[in-house]
Amino acid sequence: MFSVNIHANKLNTLFKLFKTLISRTFSIVKPGFWGTHYVKYLLNSLKLNAGLFDGMHYVNQSVCGSIIPKYLGTYEVELKPIFKELFKISFKSIIDVGAAEGYYAVGCALKFPHAQVIAYEATEEGRLLLKEVINSNGVADRVQICGICTPELLLNDVKLYNNEENRLLIMDVEGAEEYILSLCTATDLRNFHILIELHDWVDEKMGDRIINKFSATHLSQLILARKRIASDFQAPEFWILRKFLLPSLLAFSYERPLPMRWLYLEPKQRF
């Protein structure tokens with residue numbers, strides 16, 4: 001009886017080892033295993049290799065939300081057609097309100113080498129990360145870091161460049177967009193291209209009021225956020241690998257709950 005138990009224990013141990021071996025073998029051929037390693041590789045590189053600002057040096061921390069979509073090149077991919085047109089314009093000054101760690105502020109400084117950028121970020125953590133991204137991309141002489149943006153400060157910035165053509169205002173302020181714009185008239189911002197992330201969960205009518213405010217001076221376009229699809233990904237460059245990793249890439253590319261939208265205001269008169 002004792003001999004039978006010994007053999008049973010040995011068989012049980014062998015079965016557990018076999019089960020573990022099979023489990024580990026199958027895990028390394030699953031897309032999730034390699035997708036996780038691919039994302040770790042991207043984050044450790046500290047350099048974006050896809051998306052609007054491909055090649056920009058970056059950080060692997062985020063002020064709000066996941067940092068991974070920025071490395072995958074799918075962050076706010078809905079805005080790609082807008083920026084494709086904006087990149088054709090020679091902006092002299094750019095204001096980014098809600099700059100976080102600097103995706104748009106520093107990215108635009110790189111895309112528009114003659115532009116001065118004012119980057120407002122309310123959180124100390126965000127300003128520290130923003131400074132790191134600015135320095136690693138060599139644009140410290142053209143990007144000014146500021147704290148909380150108020151209606152008065154924005155109006156002062158707008159007045160500062162009042163006679164300058166082709167200006168860009170980017171705003172993501174978690175529902176305070178109408179308040180921060182409150183002192184600026186449509187005429188004040190008549191030569192600004194304005195891109196605002198709307199927060200309808202704060203006030204679902206806010207977007208309509210902003211559109212009405214600028215209706216005399218700007219054309220308006222609403223852009224709806226959507227789920228990511230296979231064609232949103234340009235990395236990895238080897239398409240077979242990209243297809244293999246797609247389930248993981250789609251999971252890692254999650255940004256925010258839907259529905260969500262942006263408002264783009266384009267000046268009716270080109271200066």
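Me: A salt bridge is a side-chain nitrogen of Lys or Arg within 4 Å of a carboxyl oxygen of Asp or Glu. What makes Asp232 and Arg226 a salt bridge?

Reply: This is a predicted model, where local features need pLDDT of at least 70, side-chain atom pairs count only at pLDDT 80 or more, and totals for chains, interfaces and linings use all residues. Residues are numbered from 1 along each chain as its sequence is written, and side-chain values use heavy atoms, with hydrogens and water left out. In Asp232 and Arg226 the closest N and O atoms are 2.8 Å apart. That is within 4 Å, so the pair counts.

Me: Why is Asp232 called buried?

Reply: Its relative accessible area is 5%. Buried means under 20%, exposed means over 50%, and partly exposed is in between (1.4 Å probe, protein chains only). Asp232 is under the lower cut-off, so the label is buried. Its partner Arg226 has 34% relative accessibility and therefore counts as partly exposed.

Me: How do you know that Glu178 and Arg209 tie together separate parts of the chain?

Reply: First the bridge: the closest N and O atoms of Glu178 and Arg209 are 2.8 Å apart. Then the positions: Glu178 lies in helix 8 (residues 177-180) and Arg209 in helix 9 (residues 206-213), so the tied parts are 31 residues apart in sequence. Helices here are DSSP runs (H or I, at least four residues), numbered from the N terminus. Glu178 has 29% relative accessibility and Arg209 has 35%, so both are partly exposed.

Me: What makes Arg256 and Glu255 a salt bridge, and how many bridges are there in the whole structure?

Reply: Their side chains meet at 3.1 Å, N to O. Set against the cut-off, the pair qualifies. Arg256 is at 18% relative accessibility, so it counts as buried. Glu255 has a relative accessible area of 18% and is buried too. Both residues belong to a network of salt bridges that also links Glu76, Glu78, Glu197 and Arg228. A search of the whole structure finds 12 salt bridges.

Me: How do you know that Asp157 has no salt bridge?

Reply: Count the charges: Lys and Arg are positive, Asp and Glu negative, and His and the chain ends are left out. The nearest side chain of opposite charge to Asp157 is Arg167, 9.2 Å away. That is not within 4 Å, so there is no bridge. Asp157 lies in helix 7 (residues 151-160) and is buried. Leaving aside neighbours within four places in sequence, Asp157 is in contact (heavy atoms within 4.5 Å) with Ile95, Ile118 and Tyr120.

Me: Why does Glu177 count as having no salt bridge?

Reply: Its nearest side chain of opposite charge, Arg261, is 8.7 Å away. Again the value is not within 4 Å, so no bridge is counted. Glu177 is found in helix 8, and is buried. A polar atom of the Glu177 side chain lies 3.0 Å from the backbone nitrogen of Gly175. Beyond four places in sequence, contacts of Glu177 include Met171, His199 and Ile210.

Me: Now the rings. Why are Tyr58 and Tyr71 called edge-to-face?

Reply: Rings of Phe, Tyr and Trp (its six-membered ring) pair if their centres lie within 6.5 Å; planes under 30 degrees apart are stacked, over 60 edge-to-face, the rest tilted. By this rule there are 14 aromatic pairs. For Tyr58 and Tyr71 the centres are 6.3 Å apart and the planes at 70 degrees, so the pair is edge-to-face. Tyr58 sits in the loop between helix 2 (31-45) and helix 3 (68-72), with Tyr71 in helix 3, 13 residues apart. Both are buried.

Me: What makes Phe83 and Tyr104 a stacked pair?

Reply: Their ring centres are 5.2 Å apart and their planes at 5 degrees, so stacked is the label. Phe83 is in helix 4 (residues 80-86) and Tyr104 in helix 5 (residues 103-111), 21 residues apart. Phe83 is buried at 1% relative accessible area, and Tyr104 counts as buried at 10%. Ring pairs link both into a cluster whose members include Phe53, Tyr75 and Phe112.

Me: How do you know that the charged end of Lys70 sits over the ring of Tyr75?

Reply: The rule wants NZ of Lys or CZ of Arg within 6 Å of the ring centre and within 35 degrees of the ring normal. The charged end of Lys70 is 4.7 Å from the centre of the Tyr75 ring. The charged end of Lys111 sits over the ring of Phe87, 4.9 Å from its centre.

Definitions and conventions: Helix = DSSP H or I, 4+ residues; strand = E, 2+ residues; numbered from the N terminus. Polar contact = N/O pair within 3.5 Å; in protein donor to acceptor, adjacent residues only side chain to side chain.
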